Amino acid sequence: MADQIRSRLQFMEFDDTQRDKLRTAQPVVRKVIGSALDRFYNRAKQTPETAAFFDNQAHMDKAKAAQEKHWSHIANADFDSTYYDSARRIGATHARIGLEPRWYVGSYAIVIEELVHGVARRTPLWKRVLALFNPSAAHDTSLALIKGALLDMELSLSVYFEEASASRETAMAQLDEVLAALSEGDLTCSLSDMPESFAGLERSFNGALAKIHKMIAAVAE
């Protein structure tokens with residue numbers, strides 16, 4: 001298990017017993033995750049801010065398939081290097097396309113709700129009867145599932161902020177260089193290959209620079 005994951009598990013008190021409980025939910029996760037993601041993607045299609053991230057239905061179906069695979073890693077509760085790399089890729093992708101954390105966290109709220117309901121509906125009758133004598137035991141699997149989801153969300157968001165910070169530093173460095181040249185009277189410098197989340201800034205700056213060129217040419221004439 002990667003050290004980065006181990007320290008998180010220790011802090012969350014996500015011990016072997018709880019991870020074993022999470023593994024018992026694997027059959028339920030496999031049955032429920034499809035409908036849970038359908039509910040999320042239906043919401044995403046109805047929300048302009050999130051619908052804009054998908055080119056078409058095929059693009060959305062591909063994203064859903066990738067998420068189903070990732071949730072199977074979570075339910076395995078191994079949290080090994082394969083899982084860690086997967087979580088980091090997801091966070092990096094969200095940072096690259098500029099998906100705001102509020103939409104990402106919102107998707108977890110929908111999916112977790114469906115999964116917890118799925119666990120409750122599929123709990124055998126004899127376990128429900130035993131829960132009358134030990135109420136806390138009835139929630140053990142759901143609590144383990146929630147912890148697994150929160151661990152995954154924290155990992156992806158951490159990478160998101162790392163990537164976003166690196167993008168800001170790259171963009172600000174290039175902007176500082178171009179503005180310095182502009183202050184020296186060099187109008188040939190422009191912004192190029194800015195991080196995707198700064199594409200709007202690149203277009204606006206270069207557009208303004210082009211107008212300055214035209215204005216100077218008009219004055220010269």
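**Exercise 1. Decide whether Tyr 108 is buried or exposed in this predicted model, then describe its ring partners.**

Step 1. Start with accessibility: Tyr 108 has a relative accessibility of 6%. Buried means under 20%, so Tyr 108 counts as buried.

Step 2. Now look for rings around Tyr 108. Trp 71 pairs with Tyr 108 at 5.8 Å centre to centre, with 45 degrees between the planes, and the pair is tilted. Trp 71 lies in helix α5 (residues 57-76) and Tyr 108 in helix α7, so this contact ties together parts that are 37 residues apart in sequence. Like Tyr 108, Trp 71 is buried.

Step 3. Turn to Tyr 104. Its ring centre is 5.2 Å from that of Tyr 108 and the planes stand at 70 degrees, so the pair is edge-to-face. Tyr 104 and Tyr 108 are four residues apart in helix α7, which means about one helical turn separates them. With 8% relative accessibility, Tyr 104 also counts as buried.

Step 4. Place these pairs in context. The whole structure holds seven aromatic pairs, and elsewhere ring pairs join Phe 14, Phe 79 and Tyr 83 into a cluster.

**Exercise 2. Find which elements and residues line the largest cavity, and follow His 94 within that lining.**

Step 1. Search the whole structure for cavities of 30 Å³ or more: one turns up. Its volume is about 40 Å³.

Step 2. List the lining. Gly 91, His 94, Leu 99, Glu 100, Pro 101, Tyr 104, Ser 156, Leu 157 and Tyr 160 surround the cavity. Tyr 104, from the edge-to-face pair with Tyr 108, is one of these lining residues.

Step 3. Assign the lining to elements. Those giving two or more residues are α6 (81-97), α7 (101-121) and α9 (140-183). The biggest share comes from α9, with three residues.

Step 4. Sort by class: five of the lining residues are nonpolar, three are polar and one is charged.

Step 5. Follow His 94, which sits in helix α6. Its relative accessible area is 17%, so His 94 is buried. Leaving aside residues up to four places away in sequence, His 94 touches Leu 99, Tyr 104 and Tyr 160. These three contacts also appear in the cavity lining.

**Exercise 3. Work out which salt bridge links Glu 154 to a distant part of the chain, then examine the bridges within helix α2.**

Step 1. Recall the principle: side chains of opposite charge can pair when their charged atoms come close. In this structure there are nine salt bridges.

Step 2. Take Glu 154. Its side chain meets that of Arg 8 at 2.6 Å, N to O. Glu 154 belongs to helix α9 and Arg 8 to helix α1 (residues 3-12), and the two are 146 residues apart. Glu 154, at 31% relative accessibility, counts as partly exposed, and so does Arg 8 at 22%.

Step 3. Move to helix α2 (residues 16-24), where Arg 19 and Asp 16 are three residues apart, about one helical turn. They form a salt bridge of 2.4 Å, N to O. Arg 19 is buried, with a relative accessible area of 9%.

Step 4. Stay in helix α2 for Asp 20 and Arg 23, also three residues apart and separated by about one helical turn. Their N to O distance is 2.8 Å. Asp 20 is partly exposed at 43% relative accessibility, as is Arg 23 at 28%.

Step 5. Extend the picture: Asp 20 and Arg 23 belong to a salt-bridge network with Asp 78.

Methods: Residues are numbered from 1 along each chain as its sequence is written. This is a predicted model: local features need pLDDT of at least 70, side-chain atom pairs count only at pLDDT 80 or more; totals for chains, interfaces and linings use all residues. Side-chain values use heavy atoms; hydrogens and water are left out. On a 1 Å grid over the protein atoms alone, a cavity is a set of points where a 1.4 Å probe fits but cannot get out, and a pocket is an open set with protein on both sides within 12 Å along at least five of seven lines; lining residues have an atom within 4 Å of a point. Grid points are joined across faces, edges and corners, and a volume is the space filled by probe spheres set on the points. Ala, Val, Leu, Ile, Met, Phe, Trp, Tyr, Cys and Pro count as nonpolar, Asp, Glu, Lys and Arg as charged, and the others, Gly among them, as polar. Rings of Phe, Tyr and Trp (its six-membered ring) pair if their centres lie within 6.5 Å; planes under 30 degrees apart count as stacked, over 60 as edge-to-face and the rest as tilted. Buried means under 20% relative accessible area, exposed over 50%, partly exposed in between (1.4 Å probe, protein chains only). Contact means heavy atoms within 4.5 Å. A salt bridge is a side-chain nitrogen of Lys or Arg within 4 Å of a carboxyl oxygen of Asp or Glu.
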